[in-house]
Amino acid sequence: MAASSERSPPPFPDSEEPELLEDSDEGADAFTGTSISEMDSPSPDSTRPPKDIFNEPPEDIFSDPLSNINSEPQKKVDTKIPSPSSDEAVDLFSEPLDDDSEVMSSPEVQNPMPDLLNEPVEAPKSDVLGEPPVHKNAARQQDFFEDPPKGSNNSSSSVKKAVSAELFGDDEDEEDLFKETPKVVTKKPQPSGPPVDVFTEVKSDVKVKPQVKDDPTDLFTEEALTAPAQKPPASSSSSSRTNGVHSEEQDLFSEATVELSLDSPLNDRKKKDAVKPSLSAPAASVASSSSKAPSKTLEELEEEESEDKFDLNISVTNPEKVGDGMNAYMAYKVSTQTSLTMFRSKTFTVRRRFSDFLGLYEKLSEKHSQNGYIVPPPPEKSILGMTKVKVGKEDPSSAEFVERRRAALERYLQRVVSHPSLLQDPDVREFLEKEELPRAVSTQALSGAGFLKMLNKATDAVSKMTIKMNEQDVWFDEKIQDVENEEQHMRKLHVMVESLVNHRKELSGNTAVFAKSVAMLGSSEDNTALSRALSQLAEVEDRIEQLHQEQASNDFFTFSELLADYIRLLGAVKGCFDQRMKAWQRWQDAENMLQKKREAEAKLLWANKPDKLQQAKDEIAEWEAKVTQYEREFERISATVRKEVIRFDKEKARDFKRQIVKYLESLLNSQQQLIKYWEAFLPEAKAIA
Amino acid sequence: MTSISEDSDKEKVRSVSVDLNNDASLVIDIPDALCERDKVKFTIHIKTTLSSFQKSEFSVPRQHEDFIWLHDTIVETEEYAGLIIPPAPPKPDFEGPREKMHKLGEGESSMTKEEYAKMKQELEAEYLAVFKKTVQVHEVFLQRLSSHPMFRKDRNFQIFLEYDQDLTVRRKNAKEMFGGFFKNMVKSADEVLISGVKEVDEFFEQEKIFLLDYSSKIKDATAKAEKMTRSHKNVADDYNHISGAMNSIAADNNTAFKKHLEKCAEVFEKLRKLEDRVASDQELKLTELLRYYTRDIQAAKDLLYRRARALADYENSNKTLDKARLKGKDIAQAEENQKQCLRKFDKLSESGKKELTSFKARRVVAFRKNLIEMTELEIKHAKNSMSLLQGSIEILNSN
């Protein structure tokens, strides 16, 4: 856990956007706030952060943190999550069993996270400030673990006191460290020791249950006994709660999770007072659920997360033509319905035009794609389609175009907000909430900016070809290939589905024509019963034509568009891989540069030119720093990309399943109707005499 | 080379027309057929109690050309002018499957094993469908003849049925082919010419109007039904391709996605089969019915033409008689001619009336039967699709 706190700083380094920095400040404030109160008294506030943190690492991937501080550690933690099987991790877990205090000082524990020792060095101060509470939390977390055995799961205040008492003691330890850190940044590695242990201890509890001290086991068993049924929901809700969903559930677990979800510290404190008595228990539950998570396989973890629903419904409706002629544009109503506290109200509506959506994408992609995030791409601009809409009056094809775009925009926004990190982006919030948006300029088709972008893309493509990255990571090696193949096959499938749509439309048309023809035949028939039956058949065929038509539009909207979306999304995934490759290239370049500098130094030494030597040494130091920085950046982006891709895969499987089920349901519905129509016709056919 | 035994599918085979074998004294069916290159050899099985046949049960091999010969000789028989002559079966058309076979051969190297196997299967199914249809339409032709009181006694028909060697009828040479074409032209022109002849019989007047109208309508409906059926086939093909494409995505995947994809591919594969059935049953029950009656109505129209021709002849003979009387010579010959024409016309009118009435009844019964069968099949397929979809949705939802 502490590991995560330690790692929290790195995400903020140099390259961060101003917005991010702002955010991190907020976060820091939040934390300092808590830490102050923490020093005064072991007030519940202090218990809050731990929950956040504890809650996140395991569940992280989807339910993202609300403040940047939280989110960043999470990333770091994630890097470790996938590798619990690595030897280091195993060491980690087995070690702590012997003795906690030993573990704290044990070097092995620190090994697994060497980078974490380095990171703080460059961390901005605010982050450093932000850390201590986290440490404390971690420490407290540990306490909680020891605690629950004493009390029941139902938080009694006595338990709470005990907890806080212990916490307090711990906190003091930490405080020292805390005081130190700002001054001697290089000393930081040390403080990181204990928290790491805490973290590992938490994990080890779960991993080696039987051997662990009775207490934790008790805790788990007790929990299992008291709330066996509640557990799964609780844990899943806890992850959803982090998104700020509140509901008036009465059980203690959910109450706990409600706490967790609070994003603004102010709110937090208020709430906390209200729910004071139940605090320790929730913490315990959180701790247990979080500690349980690492023991699970990644897949299980994913399963669990896939259950969370978060309460944010976005719909794009009422496309409306604004203006006339070539300056006309379509405006859409973007309605949001949410209980997330990060928004000012529960429901709100804004009007946005297509270029606003593109603008949002531009902003998001500028900020996030370089960090390895998969930023969902918006639907493509269609000059032809839009021109038709602008010029044409009530043409069915332009109506279809508008509906298609509306649906695509809706899916686009839903994908954006379902990404935990993007949801946090102020631009997203602004897009959803703010009445008037500054006009997005760079989206003009082939405007100057567009041209530049194209140029960039071209150079990117060239550099992509020239960068020959020898992939060290087997996972990435395979994944990149997989994504490439998948995209190709997806395109093929898309073509097939498009052809299905066309053929179904054709079928519908041909059925209509046949219906007319049969009706004519019926009118010519001189046998009255047969004539009647034929005109009934014509009617049936007419209805079937409608059915085919509806099905064709279902083919298109639920199936074909889904594939089109995923082809675009796979493009975005590939973009992530490219970003990672770029980071790698930067690192390698720095490495080469460092090599050159070193050679230069050696030459100087040999030539015995002491006057220039110092400068060379400085340069080496500078480049060494850069190398470490770039390497870390590469690792970070690798971790993020990996996490993102896993998340993407999971979302994709879920999304695909949902859409396919929906599509099959539409087919089912068609067949049901078909049965109805034919069954109604059967007596008519039998009545022919 | 495909040989099909039709025994198991007798029900289906006799779908176009009403059961014509209601008379047990002469039962004809085609239990087997052999396709060699562009020749199709049918095995015709005859069971009879009629004394005119030497044996009571026997089989003979016949080719499509033999059927055409039989049809032509019947058409040319003056005696049958007052009858609706059962339309000749169309030439077996294996172009579709053959073309596909060609493609299959070409694409063999570029396809995966599964794709190849699947396509081969598809091809076989299509081939079988065409084959069945061909056999059926030939069988129906013979059954129509055998169930007709006049045709069943026809000499050529008996030869066709009984001669136990290959008939090896002489193929039409180019001159005859052209002659046939020319005859058709003359007939069409003649039809226009005699259309001016005033109709004396209300029944035939109406029948003529009806058949002309009906003929164009049913032709149109047939073309539209063919298109519709083809669209169904296209949709089925798309399902097939979708299934294949999904499988190839699934092949490279190992997440939960894979399971879903594989399931979907399976669903689409099954949907394809169902959609294919819908298409082929629609083809067999609806399109084929319309097609057959397009031809049958043409046969009925031919009867009307022959009668109208006879009427025109009679009127001409009347004129000739009047002229002869005016001139006072060749009266007896003209009278004889006029009488003959009248007799012929009356005979044609009488049998034509009967034929057309029974044709109407036959048509209604055939439509009824086919429409019911088609509807039942549509319902059956839709129900199968429904349960398939329901099951798949449940499976998808459960994992």
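Which residue in β2(A) is the bridge partner of A:Glu320? Keep that in mind as you open the model, which is a predicted one.

**Stop 1: a hairpin in chain A**

Begin by selecting residues 312-322 of chain A, which form strand β1. Then add residues 329-338 of chain A, strand β2. The two strands pair in the antiparallel sense, over 9 bridges. Now pick out A:Glu320 and look across to β2(A): the bridge partner there is A:Ala331.

Next, follow the chain from β1(A) into β2(A). This hairpin has 6 residues between the strands. Select A:Gly323, which takes a positive phi near 85° in this hairpin.

**Stop 2: the other neighbour of β2(A)**

Add residues 347-353 of chain A to your selection to show strand β3. Strands β2(A) and β3(A) run antiparallel, and 7 bridges join them. For one pair to look at, select A:Tyr332, whose bridge partner in β3(A) is A:Arg352.

Is β2(A) largely enclosed or not? Turn on the surrounding atoms and look: 7 of the 10 residues of this strand are buried, so the rest of the structure largely encloses it.

**Stop 3: a glutamine in a helix**

Move along chain A to residues 528-607, which make up helix α25, and select A:Gln546 within it. Its relative accessibility is 40%, so A:Gln546 counts as partly exposed. Now select A:Gly509 as well. A:Gln546 and A:Gly509 are 37 residues apart along the chain, and their C-alpha atoms are separated by 9.4 Å.

**Stop 4: where chain B touches chain A**

Show both chains together. The contact between them takes 60 residues from chain B and 57 residues from chain A. Together the two chains bury about 5300 Å², of which 72% is on carbon and sulfur atoms.

How many salt bridges cross this interface? There are 4 between chain B and chain A. To view a salt bridge, select A:Glu679 and B:Lys383, where the closest N and O atoms are 3.2 Å apart. Between chain B and chain A there are also 22 residue pairs in polar contact, counting pairs with both residues at pLDDT 80 or more.

To see the chain B side, colour α7 (202-251), α8 (256-327) and α9 (331-398) of chain B, the elements that each give two or more residues to the side touching chain A. Of these, α7(B) gives the most, with 23 residues. Finally, colour this side of chain B by residue type: you will find 32 nonpolar, 14 polar and 14 charged residues.

How values were computed. Residues numbered from 1 in each chain as written. Chains lettered and ligands numbered in written order. Predicted model: local features only at pLDDT ≥ 70, side-chain atom pairs only at ≥ 80, totals over all residues. Heavy atoms only, no water. Buried < 20%, exposed > 50% of the residue type's maximum accessible area, 1.4 Å probe, protein only. Helix = DSSP H or I, 4+ residues; strand = E, 2+ residues; numbered from the N terminus. Pairing = 2+ DSSP bridges. Contact = heavy atoms within 4.5 Å. Buried area = accessible area lost by both parts, 1.4 Å probe. Salt bridge = Lys/Arg side-chain N within 4 Å of Asp/Glu carboxyl O. Polar contact = N/O pair within 3.5 Å; in protein donor to acceptor, adjacent residues only side chain to side chain. Nonpolar A, V, L, I, M, F, W, Y, C, P; charged D, E, K, R; others polar.
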